[in-house]
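Trainee: Got a minute? I'd like to go through this one with you before the group meeting.
Mentor: Sure, put it up on the screen.

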Amino acid sequence: MFKKAVIALATIAALGATSMSSAYAINLGSARGAVKVHRQTSVAPIAFSLYCLDHIEECTKSSKSQVAYTSKIRGLLASVNRSVNRSIRPLNERRDVWSLNPRFGDCDDYVMTKRSRLIGAGVPSSALRVAVVRTPRGEGHAILLVKTSAGEFALDNLRKTIVKRNQTGYRFLSVASADPTRWSVN
């Protein structure tokens with residue numbers, strides 16, 4: 001237990017230093033001297049990184065970054081979304097801990113459970129992208145995106161059905177890349 005705590009603290013420290021130094025890149029090119037600031041790839045949320053310490057096998061990059069969109073995949077996504085939404089009772093947590101298969105949990109617990117079940121069903125981990133969003137009411141929320149040949153589909157504990165990313169009505173703040181440990185800031 002002590003060893004895990006030390007590893008977690010070291011990870012948090014390293015991630016914090018990385019995110020501060022690589023969050024923005026400045027492009028100084030232009031004859032008029034204009035400065036452009038580009039958002040760069042960032043690190044994963046700390047709670048996700050801590051989850052990965054316990055579930056390393058789910059947090060590695062896979063060889064395929066998307067899946068073919070077939071009726072079988074659509075059925076699998078719908079089934080996993082529905083079954084996980086029914087299996088976890090909503091609970092606003094006081095601490096931000098991302099859990100797998102809890103009886104009670106918040107949006108990130110739904111996301112990680114859906115992600116784990118899809119990986120177990122053979123969906124490549126790099127096709128599964130965790131996203132941190134703002135709802136139309138301005139609330140922070142997490143959803144799971146599945147990158148397919150027909151676009152990205154959102155699995156969400158606030159919806160009974162899956163929808164395309166652009167149909168969610170959410171403002172995307174950050175999204176995991178094909179490498180689950182690297183996130184882009186939108």
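Trainee: Let's start with the hairpin. Which strands form the one with Gly-138 in its turn?
Mentor: That's E6 and E7, with five residues between them. Gly-138 has a positive phi of about 85°. Keep in mind that this is a predicted model.

Trainee: How many bridges hold E6 and E7 together, and do they run parallel or antiparallel?
Mentor: Seven bridges, and the two strands run antiparallel. E6 covers residues 128-134, and E7 covers residues 140-148. If you want a register point, Leu-128 sits opposite Val-146 in E7.

Trainee: Which strand does E6 pair with over four bridges?
Mentor: E10, residues 171-176, again in the antiparallel sense. There, Ala-131 has Val-175 of E10 as its bridge partner.

Trainee: Why is E6 described as largely enclosed by the rest of the structure?
Mentor: Five of its seven residues are buried, so the rest of the structure largely encloses E6.

Trainee: OK, switching to helices. How long is H3, end to end?
Mentor: H3 runs over residues 71-87, which is 17 residues. From first C-alpha to last it reaches 24 Å, close to the 24 Å expected at 1.5 Å a residue.

Trainee: Which H3 residues are buried?
Mentor: Ile-73, Leu-77, Val-80, Asn-81, Val-84 and Asn-85. They cover an arc of only 120° around the axis, which puts them on the same side of H3.

Trainee: And what's on the face turned away from that buried side?
Mentor: The exposed residues Ser-71, Lys-72 and Arg-86.

Trainee: What do the buried residues of H3 pack against?
Mentor: Helix H4, strand E8 (151-155) and E7. So E7 turns up twice here: in the hairpin with E6, and again against the buried residues of H3.

Trainee: Tell me about H4, then. How many of its residues are buried?
Mentor: Eleven of the 14, so the helix is mostly covered. The buried set includes charged-looking names you might not expect to skip over, among them Asp-108, Asp-109, Lys-114 and Arg-115.

Trainee: What span does H4 reach?
Mentor: 20 Å from the first C-alpha to the last, close to the 20 Å expected at 1.5 Å a residue. Just after H4, Gly-122 takes a positive phi of about 100°.

Trainee: Now cysteines. Which two form a disulfide?
Mentor: Cys-52 and Cys-59, with their sulfur atoms 2.1 Å apart. The count for the model comes to one disulfide.

Trainee: Why call that disulfide left-handed?
Mentor: Because the torsion about the S-S bond of Cys-52 and Cys-59 is about -80°.

Trainee: Are those two buried or exposed?
Mentor: Buried: Cys-52 is at 11% relative accessibility, and Cys-59 is at 8%. Cys-107 in H4 counts as buried too, at 15%.

Trainee: Last bit, the whole chain. How many helices and strands are there?
Mentor: Four helices and eleven strands. The chain has 186 residues, and 38% of them count as buried.

Trainee: What share of the contacts between residues at least 6 apart join residues at least 24 apart?
Mentor: 54%.

Trainee: And how much area does the chain expose?
Mentor: About 10700 Å², with carbon and sulfur atoms supplying 55% of it.

Terms used: Residues are numbered from 1 along each chain as its sequence is written. This is a predicted model: local features need pLDDT of at least 70, side-chain atom pairs count only at pLDDT 80 or more; totals for chains, interfaces and linings use all residues. Side-chain values use heavy atoms; hydrogens and water are left out. Buried means under 20% relative accessible area, exposed over 50%, partly exposed in between (1.4 Å probe, protein chains only). Two strands pair if DSSP finds at least two bridges between them. Contact means heavy atoms within 4.5 Å. Accessible areas come from the Shrake-Rupley method with a 1.4 Å probe; for residues, only the protein chains shown count as cover. A disulfide is a pair of cysteine sulfur atoms within 2.5 Å. The expected span of a helix is 1.5 Å times one less than its number of residues. The arc is that of the directions from the helix axis to the C-beta atoms.
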